[in-house]
Amino acid sequence: MSNPYQYAKRNQERFLDEYQELLRIRTISTQPQHAEDVARAAEWLREMMLRIGMDSAEVILMPAGRCPLALGEWNGAGEAAPTILIYCHYDVQPAEVADGWDTEPFEPTIKDGRLYCRGAVDSKLHVMSNLKAVESCLASDDKPKVNIKVVLEGEEESGSENINAFIAAHPERLAADIAMISDGAILAPDQPSLTYGLRGITGLELHVSAPVSDLHSGHWGGSVHNPIQALCEILARLHDENGTVTVPGFYDDVAAVTPQDRALLEKVEPFMQAEWDDVVSAPSVWGESEYILPERLGARPTLEINGIHGGYTGAGMKTVLPARAFAKITCRLVPHQDPARALRCVMEHIKRIAPSSISVEMRPSEPGAEAVLLDVDGPAMAAAAEAYTFAWGVEPVYERAGGSVPITFECMKVAKEVVIMSYGLKSGRAHGPNENIYLQNFYNGIQSTIKFIDVVGEGRG
Ligand code: BES
Ligand code: MN
């Protein structure tokens with residue numbers, strides 16, 4: 001028999017095959033027509049957890065029967081040993097060739113050391129790195145000295161409507177000494193990073209209407225406040241020319257960027273700039289000039305217009321005065337901002353600035369999520385740093401991620417400590433066309449999780 005690290009290396013090819021099998025299942029949680037695929041994946045994961053040697057595994061249906069959780073447990077380390085909870089999500093964003101994919105979105109394709117597929121990086125990479133790490137630990141002679149719980153969520157991409165209520169109703173199911181949230185990205189293929197913060201989120205739909213129906217712009221134009229124009233006027237007043245949000249009260253509770261943040265984030269700035277140039281490649285960087293790029297991306301709140309719709313956009317001329325227009329807005333939040341309060345500030349501001357010539361209706365998108373900030377000096381963070389250093393051969397730097405994983409804040413209530421372990425890359429193009437992973441990150445991720453389990457088991461976590 002071998003140790004878990006060797007086992008993982010010997011089984012790399014099979015692990016990659018299994019990962020591709022999961023990738024082929026279209027686990028799109030936002031689209032009801034894929035509910036069966038999501039359910040099939042949950043069952044696949046349950047069977048996988050039993051096959052890799054966990055004591056028990058079950059699929060738990062969420063209300064309305066959709067987007068089940070797959071939960072697994074291994075308690076072989078005994079009652080006195082600590083428990084690690086590993087969280088990942090297996091649902092994915094929608095994807096279609098027409099969005100700009102060079103390959104079939106749900107057919108894994110390997111090219112130049114990368115694997116392309118929807119869900120490759122967000123977040124089946126994490127699901128499989130962690131499950132294969134657990135398999136490697138359970139298959140070796142020296143069994144882990146920690147108990148392991150695995151929770152795999154099927155509705156993270158549609159806003160985690162039910163999981164927080166599930167934790168609140170069954171806190172013991174997810175209770176742990178350390179919760180490892182595995183999602184997100186490191187800085188570069190050869191530069192691991194530890195995420196010590198995630199942003200929260202809130203959002204709304206803003207509907208503007210004026211005339212009862214679409215009108216001839218010749219008959220009526222000049223006498224009606226065009227809803228698209230009015231919407232744009234409102235949206236244009238939500239930021240100033242520095243990129244700062246102008247909503248009164250929005251920044252009231254925002255936790256300041258500390259000198260420790262600045263010192264840590266200055267180290268990641270060159271990496272982030274390089275990624276920005278590679279992935280974003282807009283004519284120039286934009287945003288709050290008093291904050292460096294990693295702060296704008298992780299430590300500052302934002303208000304983003306995600307979509308805008310209205311009027312006629314087809315071929316040829318149509319001289320229409322549209323009846324309505326709408327926009328989708330989300331805000332990324334930082335620690336101490338209450339999602340409900342931030343949303344209220346935005347809604348009240350819009351109500352205040354909306355002219356009386358139009359009607360405005362606002363629909364909050366539920367639920368929001370709170371931001372999290374982790375202690376970079378905590379023991380679990382030190383164990384994670386040791387794991388990354390072992391797997392990559394390079395010490396990690398520390399960054400704050402801009403994305404949101406809604407379960408994280410709730411996990412802080414049922415786990416003594418939380419760490420975030422990310423194995424993807426921003427160049428993995430999560431949510432976009434040609435989503436991919438750098439294959440080596442999959443293999444390093446497995447080694448990293450094995451090491452993390454080892455280090456915590458030895459009492460250093
Ligand atoms: N994997 C992301 C979260 C993430 C992104 C973590 C970047 C770290 C860095 C996750 O799957 C995601 O996309 N979350 C959504 C949550 C939303 C739908 C509530 C997000 O951040 O937009
Ligand atoms: Mn995502």
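Which side chain meets Asp177 in a salt bridge? The views below come from a predicted model, and View 1 gives the partner.

**View 1. The side chains of Asp177 and Lys416 meet in a salt bridge.** The N to O distance is 2.7 Å. Asp177 lies in strand E7 (residues 176-181). Lys416 lies in strand E18 (residues 415-420). The two residues are 239 apart in sequence, so their pair ties together distant stretches of the chain. Asp177 is partly exposed, at 23% relative accessible area. Lys416 is exposed, at 68%.

**View 2. Glu18 and Lys132 form a salt bridge between two helices.** Here the N to O distance is 2.6 Å. Glu18 sits in helix H2 (residues 12-23), and Lys132 sits in helix H4 (residues 120-139). Along the chain, 114 residues separate them. Why does Glu18 count as buried? Its relative accessibility is 10%, and buried means under 20%. Lys132 is buried too, with a relative accessible area of 0%.

**View 3. Arg363 and Glu361 join their side chains in a salt bridge.** The distance from N to O is 2.9 Å. Arg363 is partly exposed, with a relative accessible area of 39%. Glu361 is also partly exposed, at 40%.

**View 4. Arg14, Glu18, Lys132 and Glu135 belong to one network.** Salt bridges with shared partners link these four residues. The pair from View 2, Glu18 and Lys132, is part of the network. The count for the protein comes to 20 salt bridges.

**View 5. Domain 1 meets domain 2.** Domain 1 covers 4-198 + 371-457, and domain 2 covers 200-254 + 301-364. Their C-alpha centres lie 36 Å apart. Eight residues of domain 1 and six residues of domain 2 make the contact. Together the domains bury about 470 Å² between them. Carbon and sulfur atoms carry 57% of that area.

**View 6. Ala371, Arg400 and Ser404 lose the most area on the domain 1 side.** Together these three residues account for 71% of what domain 1 buries against domain 2. How many salt bridges are there between domain 1 and domain 2? The count is zero. Two residue pairs are in polar contact between the domains. On the side of domain 1 that touches domain 2, four residues are nonpolar, three are polar and one is charged.

Definitions and conventions:
Residues numbered from 1 in each chain as written. Chains lettered and ligands numbered in written order. Predicted model: local features only at pLDDT ≥ 70, side-chain atom pairs only at ≥ 80, totals over all residues. Heavy atoms only, no water. Domains from an automatic or database assignment. Contact = heavy atoms within 4.5 Å. Buried area = accessible area lost by both parts, 1.4 Å probe. Polar contact = N/O pair within 3.5 Å; in protein donor to acceptor, adjacent residues only side chain to side chain. Nonpolar A, V, L, I, M, F, W, Y, C, P; charged D, E, K, R; others polar. Helix = DSSP H or I, 4+ residues; strand = E, 2+ residues; numbered from the N terminus. Buried < 20%, exposed > 50% of the residue type's maximum accessible area, 1.4 Å probe, protein only.
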